[in-house]
Amino acid sequence: MTEGNDGRLDLSAPATPEMMGLVHAVLEQLWEAHDDVAATDRVRFEMAVIEILGNIVEHAYEIDSTDTGSRRFDVSVAATETELVASFGDNGLPMSIDLSDVAMPDELAESGRGLALAMAAVDDLSYERENGRNLWRLTCTRKG
Amino acid sequence: MIEFAVETTPQGIAVVRPQGRLNMAAARRLKEVLDGLVGDGRNRIVVDMEETTFLDSSGLGALIAGLKSARQAGGDLRVARPTEAVRTVFSLTNLDRVLKPRDTVEDAFDD
């Protein structure tokens, strides 16, 4: 984990479920550095960050179950006076998703809520494919 | 790493306490714990979430799976004492109607 001059925190790690704890730890460090961020903003930002990471990890497994070691992701998180921002990059295959089509599944569905939950939690979520990488950007406007 | 404490009340209700973060890594284990209880015939289950500091869609999926298998076995799964983080997820996914969080573990099966 590295810390930029602007207080941004960066992490690069293999795209495996075990790395979730590391990203939670990065967020804990962000909250320590910005103890004025309201609990409600922390909760929804952390939820969305972990859902996007979950999506990246699941996708990494789905496309290549024998060679997960080469799938990596980078994440960068930052807090400003008005926003919480996270950017993810990963070298998995392109995602075939249209975020405008994402909706909550049936109440008793056991999966398929991740992106819908991330979108409901943050104020802006974007995905693009650039130079062979998947790029996600999440923004929470601070309300607390 | 999350811990799952499991105990059984004198009324035969199984109480599962996920302590820590209920995310993708932990959801599979919760599903195994819940499947194991229903498989043992303990189909009335309370998931006490007082110490669940984080919940994601995978953890939610494990709760729904447990709810369905408990109901199929003639029982039910009830959620008690959710933290703010857990309540936020229930409310954003509109699942507070299905999972109807209860205020106490003791009263979770009173209705």
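A residue here is buried if 20 or more other C-beta atoms lie within 10 Å of its own, exposed if 12 or fewer, and partly exposed in between, with C-beta atoms placed from the backbone. This is a predicted model, in which local features need pLDDT of at least 70, side-chain atom pairs count only at pLDDT 80 or more, and totals for chains, interfaces and linings use all residues. Residues are numbered from 1 along each chain as its sequence is written, and chains are lettered from A and ligands numbered from 1 in the order in which they are written.

**View 1. B:Gln11 sits in a loop of chain B.** Look between β1 (3-8) and β2 (14-22) of chain B to find this residue; helices (H or I, at least four residues) and strands (E, at least two) are DSSP runs, numbered from the N terminus. B:Gln11 counts as exposed because it has 8 C-beta neighbours inside 10 Å. B:Arg44 is 33 residues away along the chain, yet the C-alpha atoms of the two are separated by 9.7 Å. UniProt, in an unreviewed entry, lists residues 11-111 of chain B as "domain: STAS"; its positions are given in the numbering used here, feature names are shortened, and annotations may be inferred rather than shown by experiment. Over residues 11-111, chain B is 45% helix and 23% strand, with the end C-alpha atoms 14 Å apart.

**View 2. Helix α2 of chain B covers residues 57-72.** The expected span of a helix is 1.5 Å times one less than its number of residues, so the 16 residues of α2(B) should span 22 Å, and the end C-alpha atoms are indeed 22 Å apart. Plenty of α2(B) is buried, including B:Leu60, B:Leu63, B:Ile64 and B:Leu67. After α2(B) comes B:Gly74, with a positive phi near 95 degrees.

**View 3. Chains A and B meet here.** Chain A brings 23 residues to the contact and chain B brings 22; two residues are in contact if their C-beta atoms, placed from the backbone, lie within 7 Å. On chain A's side, α1 (20-33), α2 (39-63) and α3 (114-121) each give two or more residues, and α2(A) supplies the largest share, nine residues.

**View 4. The largest nonpolar core has 68 residues.** Such a core is a set of buried Ala, Val, Leu, Ile, Met, Phe, Trp, Tyr and Cys residues joined through C-beta atoms within 7 Å. A:Ala48, A:Val49, A:Ile52, A:Ala118 and B:Val89 touch the most other members, and α2(A) gives the largest share of the core, nine residues. Leaving aside residues up to four places away in sequence, A:Val49 touches A:Val23, A:Leu27, A:Ala86 and A:Leu138.

**View 5. Strand β4 of chain A (residues 83-90) has two faces.** A:Leu84, A:Ala86, A:Phe88 and A:Asp90 are on the covered face, while A:Glu83, A:Val85, A:Ser87 and A:Gly89 are on the uncovered one. Strands pair if DSSP finds at least two bridges between them. Seven bridges join β4(A) to the antiparallel β3(A) (residues 72-79), with A:Ser76 partnering A:Ser87, and the two strands form a hairpin with three residues between them. Eight bridges join β4(A) to β6(A), also antiparallel, where A:Glu83 stands opposite A:Thr141.

**View 6. Strands β5 and β6 of chain A make a hairpin.** β5(A) (residues 124-130) and β6(A) (residues 133-141) run antiparallel and are joined by seven bridges. A:Leu125 has A:Leu138 as its bridge partner. Two residues lie between the strands, and A:Asn131 in the turn has a positive phi of about 50 degrees.
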